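Subject: The structure we talked about

Hi there,

Here is the structure I promised to pass on. Please open it alongside this note, and have a look around before reading on.

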Amino acid sequence: MKPNFTLRLRVFNLNCWGIPFLSKHRADRVKRLGDFLNMESFDLALLEEVWSEQDFQYLRQKLLPTYPAAHYFRSGIIGSGLCVFSKHPIQEFTQHVFTLNGYPYMLHAEYNRQKDIYLAHRVAQAWELAQFIHHTSKKADVVLLCGDLNLHPKDLGCRLLKEWTGLHDAYLETRDFKGSEEGCTMVPKNCYVKHQELGPFPLGIRIDYILYKAVSGLYISCKTFKTTTGHDPYSGPPFSDHEALMATLCVRHSPPQHNPSPTHGPAESSPLTSVLREAWAEVDQGMAQAHWWATMAGYAVGLGLLLLALLCALAAGGWMREAALLLWTPSIGLVLGAGAFYLFHVQEAKGLCKTRAELQHVLGRAREAQDLGSESQPALLLGQQERDRAEEQ
């Protein structure tokens, strides 16, 4: 970028709620979304929950004249649901799969905010994402993080992510906002949103974000930020059960008064230390629970093996042969089911242990920096007192 040059970047983000055979009016919504994106001609369109690759291919062809670059992120059995459309060339892309992804026997994003069984996983994922950004963005000019994070603004995972990476929230930073009240991205006015999904938040919830920061001597600001309000921007049916986000970001060379300050300097060490300590405690609790479940599953495996041995002895001796054969299949099922349960929670404990160790290390470094910062102030004060006494003499 040339000095004093300003780059305008228009970003679109939407959780498309594109579940084949389950999401209502999916084909119509995808069609109208393609028409809207072509009409608006954003620089970047970032979509989540595009679970059907056919929907991506449809959008790929429809948007090709306006967005010549696109990529669909494939992952696992059902995919990641993530895709990106860009007006500009995509130089590189990579994909990172989280170590922990909830419990396979519980298929829901969140049950109860007062007792969220996924909380430790959410914190671990937030930390893993923050670390990924921290380690991969050092050569970048600008970092964007967009999507449905399944986190409320004051949730621990969201605070940890922002504190460690230094990312700014477009909704909070813009001076020109238009959209749903308090920037909510799931609102009762949306005909696809069930009121029970909002729980104790009848006015709506905000779990979709456009986060950003400048890295290499640049300054970035959010000029405008918009959300849809229960229908598409032209008053038609909504694109999804989530509201779309639209931000206009301005990137320019930083003037001297806006030189970026270090993300983790002594002035910010106190809130950072606080959120790190809170995250460490939550992950530690989750790890203890994972160990408990693994232990219980181990006992169940042992019980199942003991039962199988007993049944084998009964069958071999001819005693209760028919009953032993009837109990053989359930016993094998118990061993296999408990074994899978054991392996899953052992893996969960290892993942949480890794996260706890990283948090503990960073927390220790943050405390050291805070101690050094507090020690430097008395030293400077002492030096000033010595100079004052010398002047008096």
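Below is what I found, going from the sheets to the salt bridges and then to the surface. Please keep in mind throughout that this is a predicted model.

**The seven-stranded sheet**

A good place to begin is the open sheet of 7 strands, which follow the order 3-4-2-1-10-9-7 with mixed pairing. Its edges are strand 3 (69–73) and strand 7 (177–178), each of which pairs on one side only. Further in, strand 1 (residues 6–18) and strand 10 (residues 245–253) run antiparallel and are joined by 8 bridges. If you want a landmark there, find Arg8, which stands opposite Cys250 in strand 10. Helix 1 lies across strand 1, strand 2 (44–50) and strand 10, and its direction makes an angle of about 175° with strand 1.

**The three-stranded sheet**

There is also an open sheet of 3 strands, in the order 5-8-6, with antiparallel pairing. Strand 5 (142–148) and strand 6 (168–169) stand at its edges with a single partner strand each, so one side of each has no neighbour in the sheet. Strand 6 runs antiparallel to strand 8 (residues 208–214), and 2 bridges join them. One residue to look for is Asp169, whose bridge partner in strand 8 is Leu211. Helix 4 (residues 156–165) lies across strand 5, strand 6 and strand 8, running at about 10° to strand 8.

**Salt bridges**

How many salt bridges does the structure hold? The count is 12, and I picked out three for you.

The first to look at is in helix 1 (residues 26–40), where Arg32 and Asp28 sit 4 residues apart, which means about one helical turn separates them. Their side chains meet in a salt bridge at 3.1 Å, N to O. Are these two residues buried or exposed? Arg32 is buried, because its relative accessible area is 16%, while Asp28 counts as partly exposed at 39%.

Next comes a bridge between Glu278 and Arg159, with their closest N and O atoms 3.0 Å apart. This pair links distant parts of the chain, since Glu278 belongs to helix 7 and Arg159 to helix 4, 119 residues apart. Glu278 is partly exposed, with a relative accessible area of 36%, and Arg159 is partly exposed too, with 29%.

The last of my three joins Lys354 to Glu358, whose closest N and O atoms are 3.2 Å apart. Both residues lie in helix 8 (residues 321–392), 4 residues apart, or about one turn of the helix. Lys354 is partly exposed at 42% relative accessible area, and Glu358 is partly exposed at 25%. Salt bridges that share partners also join Asp28, Arg32 and Asp232 into one network.

**A nonpolar patch**

Finally, do look at the surface around Trp292, Trp293, Met296 and Tyr299. These residues form a nonpolar patch there, and together they have about 460 Å² of accessible area. Tyr299 lies in helix 7 (residues 269–317). Why does Tyr299 count as exposed? Its relative accessible area is 59%, and a residue is called exposed when that value is over 50%.

Happy exploring, and do write back with any questions.

Best wishes

Conventions: Residues are numbered from 1 along each chain as its sequence is written. This is a predicted model: local features need pLDDT of at least 70, side-chain atom pairs count only at pLDDT 80 or more; totals for chains, interfaces and linings use all residues. Side-chain values use heavy atoms; hydrogens and water are left out. Patches are made of residues with over 30% relative accessible area and no salt bridge: like charges are joined within 9 Å, nonpolar side chains (Val, Leu, Ile, Met, Phe, Trp, Tyr) within 5 Å. Accessible areas come from the Shrake-Rupley method with a 1.4 Å probe; for residues, only the protein chains shown count as cover. A salt bridge is a side-chain nitrogen of Lys or Arg within 4 Å of a carboxyl oxygen of Asp or Glu. Buried means under 20% relative accessible area, exposed over 50%, partly exposed in between (1.4 Å probe, protein chains only). Two strands pair if DSSP finds at least two bridges between them. Contact means heavy atoms within 4.5 Å. Axes are lines fitted to C-alpha atoms, for helices over the stretch in contact, and angles run from 0 to 180 degrees between N-to-C directions.
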